[in-house]
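Me: Please take a close look at one part of this structure, the nonpolar core, and set it in the context of the whole chain. I would also like to hear about any nonpolar side chains left on the surface.

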Amino acid sequence: MPLFIFTFEKVEYEEQDCSEEDLIRFMRHILDKMQLANECIVISLIYLEKMMLTGKIEIRNINWRPLLFTALLLASKFWEDVNLWNIDYAEEIELYPLKSINRMESEFLSLCDYNIYVSADLYSRYQTKVRELSNPILGNTGPKNSRLSHFNRFKQGGASQNP
């Protein structure tokens, strides 16, 4: 006997192209409303890539919002000292109901094989790339020692980690 009975409904939606400004506005809205650290941006990008590679999911115009939202939610739980509850996101952002947020978080973790660890080296590489992309003038002229060794959330040494 199956535990769940699934039914499919045809849902009407209007697919719209997503611009860079849409992504930035969406991320900024969540970061500002939930008062998250900017480091959550880099960690969420790592999580998105992990999810894409491990779960074989493509980010499309129809799914980028829930995927980005969930990546930011998980990044905040990894990075922030004081974690917010999913109900806080549901009430403050008012984008998804609590039941949907819980389900998206569970599915996202499953697609990442429950591996949301981010090493200092991996974080540093992503942060450097994001800085280069966001400010091409910097290029490779950023600080020489950007290993972020002062962050105690990351284990130093160990095996190199791919997303």
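Reply: What follows begins with the chain as a whole, moves to the core and ends at the surface. The model is a predicted one, and its chain holds 6 helices and 0 strands, so that the pattern read along the sequence is α-α-α-α-α-α. Of the 163 residues in the chain, 33% are buried, and among contacts between residues at least 6 apart in sequence, 73% join residues at least 24 apart.

The largest nonpolar core has 37 residues, and those touching the most other members are I30, Y47, F69, Y89 and F108. Two or more residues of this core come from each of α1 (20-34), α2 (39-55), α3, α4, α5 (98-111) and α6 (120-134), with α3 giving the most, namely 11 residues. For F69, once its neighbours within four places in sequence are left aside, the residues in contact are F26, I30, Y89, I93, L95, Y96, I101 and M104; I30 and Y89 thus appear both in this list and among the core residues that touch the most other members.

Turning to the surface, the accessible area of the chain comes to about 11300 Å², and carbon and sulfur atoms account for 54% of it. A nonpolar patch is formed there by W85, I87 and L98, which together have about 310 Å² of accessible area. Within this patch, W85 sits in the loop between α3 (64-79) and α4 (86-93), and W85 counts as exposed because its relative accessibility is 64%, where the cut-off for exposed is over 50%.

Conventions. Residues numbered from 1 in each chain as written. Predicted model: local features only at pLDDT ≥ 70, side-chain atom pairs only at ≥ 80, totals over all residues. Heavy atoms only, no water. Patch = residues over 30% accessible without salt bridge, like charges linked within 9 Å, V, L, I, M, F, W, Y side chains within 5 Å. Areas by Shrake-Rupley, 256 points an atom, 1.4 Å probe, with all protein chains shown as cover. Salt bridge = Lys/Arg side-chain N within 4 Å of Asp/Glu carboxyl O. Helix = DSSP H or I, 4+ residues; strand = E, 2+ residues; numbered from the N terminus. Buried < 20%, exposed > 50% of the residue type's maximum accessible area, 1.4 Å probe, protein only. Contact = heavy atoms within 4.5 Å. Core = buried A, V, L, I, M, F, W, Y, C linked by side-chain atoms within 4.5 Å.
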